Amino acid sequence: MTTHVFIVDINTFKYHLEYMFAGTGARDCTIDFNNNENTNMHYATENNLVSLIADIKRIKIGDFVIFYLQQNIQEGVKEGKFFGIFKIISSAFLDNNDDEQFLKVQLRKSLTFRIKIEPWQVYPKGISEWEALDEIKNIYSPYQMLWSLIYRKLKGNRGNTMITIYESDRLIKLIRDKNFRNYLEHENFTFDKERQEIIESNEKHLYSGREISINIFPRLRKKYQKEQQFETHLQAYILENINEIFKDYNIEFLGNEVSCGVGMQRIDILFSALCNDGAHLIVPIELKSTEVYPDIIYQIQRYIDWLEQYYIPNCPNSNILPIIICRSCDKNSLNFLNFKNKVQEFNDKNLNILNLQYFEFNVLIDKLTFERIF
């Protein structure tokens, strides 16, 4: 199960707790391409919105949620804090940015992409950002730090961030220890702004907003037909259907746009699978909506180097299995033959990991199909 951190403020946190949901916003945008092949949006705006859809689509029923209450001195929040722990009980859904959006007036912002949650172990006190990210008295090596959250802080305001299994275990332990393992055994909650704690509530609130299914496939297919780039759409589609595409794997962690350094390098999709013998399979995936080309292999190498330094030490008994997914192509083309040679060189060089696998996708009338080429 993956743990996801949602960013909230002093106003919205109260409603997340009372109505048991989490979400991310699209600012003033109204989605016009859901279940629709056309859009009036600029391509950059569309891609930004689809990236939010990808973030929400990676979330699966049974995953965990931790809220991060961001710092705002004007509103009385002296330091950012992490609160938890909640469990996902619904697939992602759309509540579009219009006058009917549920709780829009109360939230004072639009949260377009949402999931519903339930209490799991809800602790009243939060753990401060300093305690979670800066305190190093129990840290013996850099790889033990919560890099997913540190990268998020450095790179911008991503409202929905996944954290690795190790990071989740550490953050949850910090929250538990802060509360001496005493959680609230109740079903209804609210937030006490003065004490800055989650408290029990005698009032039960019913979430009654729209729950519209999110379907970007018609738009993806149209972009494919027009020979336009759709890598972000491809990522969202794969994240939604990951358990079907890789049905032979018992996926225990799923991430997208996984930062692997303080630069701009990000792994398109990363998952960890639990094997029958108790070992872990770490799978970084590089996506392209184009046909394959030889130089794509160099991006994978950077991912491998980072995983070996920062991920594997926290997940002993692991193997790395790199995967590249591209559009189907002519297997006699010069690009493909050169790429295949590069893969052989890559495998010969990286004897400490499993051989790279290459998949291709085809766009059909109602879905994508995926085929392993080697």
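These legends go with a set of close-up views of a predicted model.

**View 1. Helices α7 and α8 pack against each other.**
Let's start with two helices, since two packed helices are described by the angle between their axes and the distance between the axes. Helix α7 covers residues 217-225 and helix α8 covers residues 231-240, and the two pack at an angle of about 140 degrees with their axes 10 Å apart. That angle makes α7 oblique to α8, because angles over 145 degrees are needed for roughly antiparallel. The crossing of α7 and α8 is left-handed. Which residues of α7 meet α8? On the α7 side they are F217, R219, L220 and K223, and on the α8 side their partners are H233, L234 and Y237. Sorted by character, the residues of this contact are four nonpolar, one polar and two charged.

**View 2. Helix α8 is mostly covered.**
Stay with α8 for a moment and look at how its residues are placed. How many of the 10 residues of α8 are buried? Seven of them are, so the helix counts as mostly covered. The buried residues are H233, L234, Q235, A236, Y237, I238 and L239. Among them you can find H233, L234 and Y237 again, the residues of α8 that meet α7.

**View 3. Y224 sits in helix α7 and touches residues far along the chain.**
Now return to α7, where Y224 has its place. Is Y224 buried, exposed or partly exposed? Its relative accessible area is 23%, so Y224 is partly exposed, because buried means under 20% and exposed means over 50%. Leaving out residues up to four places away in sequence, Y224 touches F230, R327 and V363. A good pair to find by eye is Y224 and N362: they are 138 residues apart along the chain, and their C-alpha atoms are separated by 9.9 Å.

**View 4. R327 is a buried residue with many contacts listed.**
One of the partners of Y224 is R327, so let's move there next. R327 is found in strand β15, which covers residues 323-327. With a relative accessible area of 10%, R327 is buried, because the cut-off for buried is under 20%. The side chain of R327 reaches the backbone oxygen of S289 at 2.9 Å. Which other residues does R327 touch, not counting residues up to four places away in sequence? Besides Y224 and S289, the list holds E227, Q228, F230, K288, T290, E291, Y358, E360 and F361.

**View 5. D192 lies in strand β9 and reaches a backbone nitrogen.**
Strand β9 covers residues 189-192, and D192 lies in it. D192 has a relative accessible area of 18% and is buried, because that value is under 20%. A polar atom of the D192 side chain lies 3.0 Å from the backbone nitrogen of E194. Leaving aside neighbours within four places in sequence, D192 is in contact with E197 and I199.

**View 6. Helices α10 and α11 cross at a small angle.**
Here is a second helix pair to set beside View 1. Helix α10 covers residues 297-311 and helix α11 covers residues 334-349; their axes come within 10 Å and cross at roughly 20 degrees. That makes α10 roughly parallel to α11, because angles under 35 degrees count as roughly parallel. The crossing of α10 and α11 is right-handed. From α10, the residues I297, Y298, I300, Q301 and I304 meet K342, V343, F346 and K349 of α11. The residues of this contact divide into six nonpolar, one polar and two charged.

**View 7. Some backbone angles stand out.**
Most residues other than glycine have a negative phi, and most peptide bonds are trans. With that in mind, look at M20, which has a positive phi near 55 degrees. M20 is found in the loop between α1 (12-19) and β2 (21-24), and at 11% relative accessibility M20 is buried. F180 also is not a glycine and has a positive phi, of about 50 degrees. Its place is the loop between α6 (165-178) and β9. Is F180 buried or exposed? At 68% relative accessibility, F180 counts as exposed, because the cut-off for exposed is over 50%. Finally, the peptide bond from G84 to I85 is cis, with omega near 15 degrees, and I85 is found in strand β4, residues 81-88.

Conventions
Residues numbered from 1 in each chain as written. Predicted model: local features only at pLDDT ≥ 70, side-chain atom pairs only at ≥ 80, totals over all residues. Heavy atoms only, no water. Helix = DSSP H or I, 4+ residues; strand = E, 2+ residues; numbered from the N terminus. Buried < 20%, exposed > 50% of the residue type's maximum accessible area, 1.4 Å probe, protein only. Contact = heavy atoms within 4.5 Å. Polar contact = N/O pair within 3.5 Å; in protein donor to acceptor, adjacent residues only side chain to side chain. Axes fitted to C-alpha atoms, helices over the stretch in contact; angles between N-to-C directions. Parallel < 35°, antiparallel > 145°, perpendicular 65-115°, else oblique. Left-handed = near helix turned anticlockwise from the far one by under 90°. Nonpolar A, V, L, I, M, F, W, Y, C, P; charged D, E, K, R; others polar.
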